[in-house]
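Colleague: I've got this one open on my screen. Walk me through it, please, starting with the pockets.

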Amino acid sequence: MGIVAGLDSSSGFTRIVVCDADTGAVLRQGYAPHPVEAKATEIDPQAWLLSLGDAAAGGLLEGVQAIGVSAQQHGLVTLDAQGNLVRPALLGNDKRAQVAAADLIDALGGRQAWAEAVGSVPQAAQPVAKLRWMARSEPDVAQRVAGVMQPHDWLVWQLLGRPARRTTDRGGASCTGFWSAGTGSYRTDLVELALGHQCALPEVLGPAEAAGTTPEGLLISAGTGETMAAAFGLGVGIGDAVVSLGASGSVMAVHHEALADPSGLITSFADATGMHLPVVHTLNAVRALRGAAELLGAEGLDELSALATKSTPGASGLVLLPYLEGERTPQLPHTAGTLSGLRRESMKPEHLARAAFEGMLCSLADAMDVLRGRGVEVRRVFLLGAAAELPAVQAAAPAIFGAQVVVPQPADYAALGAARQAAWALGVSQGTLSPAAPPAWQGAAAQIFEPGDELAVGQAVRQQYGATRDQIHPGAFNPPS
């Protein structure tokens with residue numbers, strides 16, 4: 001069918017993969033950092049274009065017939081009536097809209113009202129909260145806003161030469177806080193609630209639709225957010241969950257319907273295929289391991305993992321509730337972590353190391369149970385992040401999660417997902433693929449771990465953890481109504 005490219009414009013860099021459109025085989029790759037500070041909360045979007053140009057240097061895109069764009073989620077690009085920038089783009093790590101998010105929750109009548117309206121409860125990162133912050137903190141600027149976009153929308157628009165038609169996709173739209181994955185439509189009243197007036201919103205394209213074609217004949221697909229692109233690049237489907245091990249953690253799964261969650265634990269995203277991606281976040285994952293390593297004087301996580309493997313499941317009765325930064329799942333924002341079960345025989349470094357790994361995994365299993373409790377099927381768990389390579393994680397995760405665990409080889413999955421989307425749009429435009437079925441690219445190369453005979457052991461570890469959690473935080477997952 002030809003050659004396609006996928007580009008991922010993340011918070012710090014641009015990666016491009018050029019792939020065979022039929023098989024997904026990577027033919028060549030490009031990379032360039034963004035010319036900005038790593039912790040910047042605002043950026044001139046032109047920096048994304050400069051990085052894109054650097055990453056595509058040296059004829060990287062020669063022969064490419066279609067491009068897909070993945071980009072950081074929750075960024076906000078505001079445009080005036082002429083399509084010019086009103087102010088620098090606000091990034092997802094900008095925390096200034098926390099009060100604005102709380103104001104919006106109250107203004108609509110509470111968390112349940114938001115969950116029912118758009119499948120999520122406002123957070124500081126979301127564009128809807130950023131608009132409210134602008135209206136309150138920069139009213140003169142906010143009054144000039146005539147259109148809003150997210151990073152991948154803006155990049156697609158630029159690649160197409162800034163046409164009158166502006167587009168997004170279901171995945172990106174579901175991150176805004178004013179589009180419902182359940183109804184597939186914008187809630188323009190929520191835009192007005194946040195900004196104080198209506199503004200132009202991008203047209204939401206279907207998964208296999210093209211945003212347009214450049215004058216040179218290069219097809220540009222709909223694009224999507226990084227999370228959705230990575231899921232598409234991994235090849236996850238119904239029955240699959242993806243557990244991300246960063247400093248904080250997340251569990252997302254492919255599901256056939258949007259989930260409205262009045263508690264706000266579940267954020268109901270749309271995916272890049274026409275399905276849904278409910279996500280549950282935790283505030284603590286690898287930060288609990290790093291804290292334990294520092295406490296024990298271990299030289300990094302590899303040494304902590306080696307120490308943990310000297311212990312046994314259950315860590316001799318030690319239980320670590322890893323709520324070091326408070327916790328989002330369960331909703332305990334002002335709590336602290338707890339180490340329980342200290343006895344003379346358990347006060348050994350290897351047991352504390354084991355308790356740290358088990359605590360992190362049990363906390364993520366709690367998050368997974370929130371999804372399972374809403375009917376989400378989980379037969380297979382994809383484990384992402386550098387910590388997924390640690391032997392202590394790989395040994396304990398299948399039994400604690402109660403499912404097969406897949407640890408994919410490191411790759412640019414968001415860029416691969418964007419390229420797969422481009423191949424889909426190209427195939428549909430040529431009449432060789434159906435809009436209902438994406439190209440069947442080979443799945444990610446991975447290590448597979450089965451729970452096997454350890455399943456009962458994992459259940460016992462979870463029971464020990466759950467008993468400690470419920471004793472110290474009674475009703476955390478079942479608060480009084």
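**Pockets, helices and cores**

Modeller: The lining of the second largest pocket breaks down into 15 nonpolar, seven polar and two charged residues. Nonpolar covers Ala, Val, Leu, Ile, Met, Phe, Trp, Tyr, Cys and Pro; charged is Asp, Glu, Lys and Arg; the others, Gly among them, are polar. Keep in mind that this is a predicted model, so local features need pLDDT of at least 70 and side-chain atom pairs count only at pLDDT 80 or more, while totals for chains, interfaces and linings use all residues. Residues are numbered from 1 along each chain as its sequence is written, and side-chain values use heavy atoms, with hydrogens and water left out.

Colleague: How much space lies in that second largest pocket?

Modeller: About 450 Å³. A pocket is an open set of points on a 1 Å grid over the protein atoms alone, with protein on both sides within 12 Å along at least five of seven lines, and lining residues have an atom within 4 Å of a point. Points are joined across faces, edges and corners, and the volume is the space filled by probe spheres set on them.

Colleague: Which lining residues are closest to its centre?

Modeller: Y413, Q442, G443, A444 and A445, out of 24 that line the second largest pocket. The elements giving two or more residues to that lining are α9, β22 (378-384), α14 (413-430) and β24 (446-449). Those are DSSP runs numbered from the N terminus: helices are H or I with at least four residues, strands are E with at least two.

Colleague: What about α9, is it mostly covered or exposed?

Modeller: Mostly covered: seven of the nine residues in α9 (226-234) are buried. Buried means under 20% relative accessible area, exposed is over 50%, and partly exposed is in between, with a 1.4 Å probe and protein chains only. The buried ones in α9 are M228, A229, A230, A231, F232, G233 and L234. Next comes G235, with a positive phi near 85 degrees.

Colleague: Switching helices. How far does α12 reach?

Modeller: α12 (349-372) spans 34 Å from first C-alpha to last over its 24 residues, close to the expected 34 Å. The expected span is 1.5 Å times one less than the number of residues. With 21 of its 24 residues buried, α12 is largely enclosed by the rest of the structure.

Colleague: Now the nonpolar core. Which residues touch the most other members?

Modeller: In the largest core, which has 60 residues, they are V243, L245, L304, M360, L383 and F401. α12 supplies the largest share of that core, 14 residues. A nonpolar core here is a set of buried Ala, Val, Leu, Ile, Met, Phe, Trp, Tyr and Cys residues joined through side-chain atoms within 4.5 Å. Apart from it lies another core of 35 residues, among them L277, A414, A422 and A425.

Colleague: And what does L304 touch?

Modeller: Leaving out residues up to four places away in sequence, L304 touches L289, A292, A293, L296, A298, A353 and F357. Contact means heavy atoms within 4.5 Å.

Colleague: How many cavities of 30 Å³ or more turn up?

Modeller: Four, searching the whole structure. A cavity is a set of grid points where a 1.4 Å probe fits but cannot get out. The largest cavity has a volume of about 60 Å³, and its lining includes L76, P127, V148, Q150, D153 and F178. By class, that lining is eight nonpolar, three polar and one charged.

Colleague: I was also looking at H74. Where does H74 lie?

Modeller: In the loop between β5 (66-71) and β6 (77-79). H74 counts as buried, at 17% relative accessibility. Past four places in sequence, H74 touches ten residues' worth of company, including P127, K130, Q150 and F269.

Colleague: Any odd backbone? Which peptide bond is cis?

Modeller: The one from T329 to P330, with omega near 5 degrees. P330 sits in the loop between β20 (319-321) and β21 (338-340). Two non-glycine residues have positive phi: R162, at about 60 degrees, and A315, near 50 degrees.

Colleague: Is A315 buried or exposed?

Modeller: Buried, at 0% relative accessibility. R162 is partly exposed, with 36%.
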